[in-house]
Amino acid sequence: MGDLLPRRRAPRILVVDDQPSIAGLMSQLLTMRGYDVMTACDAEQAEAEVRRQLPDLILSDVMMPGKSGYDLCRALKENPATRLIPFVLITGLSDTSDKVRGIEAVLAEELIARVKALLRLKEFTDELETADSVLCTLGLIVEGRDPYTEGHCERLSVRASDLGRHLGMDEDSILALKRGGYLHDLGKIAVPDEILKKGSDLTPSEWVVMKLHPITGENICRPLHSLRLVLPIIRYHHEHSDGSGYPDGLTGSEIPVLPRVLQVVDVYDALRTARSYKPAHTHEQAAQTMREEAARGLWDADLVAEYFEMLAQKRQVA
């Protein structure tokens, strides 16, 4: 029975050192302990290895021809796809023979202990990323309950992150907007079908149930620290600048900027999509409606203007 269970992949470690004797020794120490080891002689080759196959850990010399270990580390940490890979800089000895003896005599066990600790941390981080994926999948399942919203989450994820880039936001905020596109309505998983699919003619008691979904979604996602920037998007994406929204009745700048960004994209998508109770708007009709609603205090007028400026630029490029 045990032979039928999938074998766990050995952690993959990238060793970067311009001295073959050092790279070889570290590779030997790690391979003997069951790790899958790749080597690179400089930062350029290391970057190629990372593109080919993401490692679980990188051990790098500091002083190398071309880019230094510091430069390599900085470049990987600035890339959202690689910034969570643990990176260890190894330096302190300039003479190769001294460095080999140092690794053999002192560094070996210390290095292995640190490798084990960092790989445990990476495994935990990967589990959090997997949890994010599961929640995003749940968001798509919620979307699938309503035939009129097919593709809505994907469109919001792409357009909200595009607007974030257009506004010059940092990568963490752009990632939060991307995730928020999938997770903003996650709380609707607790809304009964007879309310969710009814459309706009909800009774007062049904509205009470519907208005709970931002709080429900926030509570589902709150345990994940990696979603901390997404929580305000989930809770506040139905707030209005004039205070008429829900669940908290916030006004103007009380509403964080990320929810305001997502709601602009959300409203546009809702207007451009046919529903059981309305036909789809043209782009021009949606633009006019949103500008009028922003003037009345429903949406952030500056963000509405920026969104249509972004769409105009995209049309010019196309």
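So, helix H3, residues 69-77: H3 lies across strands S1, S3 and S4, and H3 runs at about 170 degrees to S4. Keep in mind that this is a predicted model.

Now, what is H3 lying on? Let's look at the sheet. Four strands form an open sheet, in the order S2-S1-S3-S4, and the pairing is parallel. A quick reminder for anyone new to this: strands of a sheet pair through backbone hydrogen bonds, and that can be parallel or antiparallel. Which strands sit at the edges? Those are S2 and S4, with S4 covering 87-90; each of these two pairs on one side only. And if you look at how neighbouring strands are turned against each other, you get 20 degrees on average, ignoring direction.

Let's zoom in on S1, residues 12-16. On one side S1 pairs with S2, residues 36-40, over five bridges. If you want a spot to find on screen, go to Ile13: the bridge partner of Ile13 in S2 is Val37. S1 also pairs with S3, residues 57-61, here over four bridges. The spot to look for there is Val16, whose bridge partner in S3 is Ser60.

Okay, how do you get from S1 to S2? Through helix H1, residues 20-31: S1, H1 and S2 together make a right-handed β-α-β unit.

Back to H3, and to a helix it packs with. That's H2, residues 43-52. The axes of H2 and H3 are 10 Å apart, at an angle of about 30 degrees, so H2 is roughly parallel to H3. Their crossing is right-handed. Who makes the contact? From H2 it's Ala43, Ala46, Glu47 and Val50, and from H3 it's Leu72, Ala75 and Leu76. Sort those residues by class and you have six nonpolar, no polar and one charged.

Last stop, further along the chain: helix H11, residues 257-272, and helix H12, residues 283-295. Their axes come within 9 Å and cross at roughly 135 degrees, which means H11 is oblique to H12. This crossing is right-handed. On the H11 side, the contact residues are Val264, Val267, Tyr268, Leu271 and Arg272; on the H12 side, they are His283, Ala286, Thr289, Met290 and Glu293. By class, that contact has six nonpolar, two polar and two charged residues.

Technical notes: Residues numbered from 1 in each chain as written. Predicted model: local features only at pLDDT ≥ 70, side-chain atom pairs only at ≥ 80, totals over all residues. Heavy atoms only, no water. Axes fitted to C-alpha atoms, helices over the stretch in contact; angles between N-to-C directions. Parallel < 35°, antiparallel > 145°, perpendicular 65-115°, else oblique. Left-handed = near helix turned anticlockwise from the far one by under 90°. Contact = heavy atoms within 4.5 Å. Nonpolar A, V, L, I, M, F, W, Y, C, P; charged D, E, K, R; others polar. Pairing = 2+ DSSP bridges. Right-handed = clockwise from strand over helix to strand, strands pointing away.
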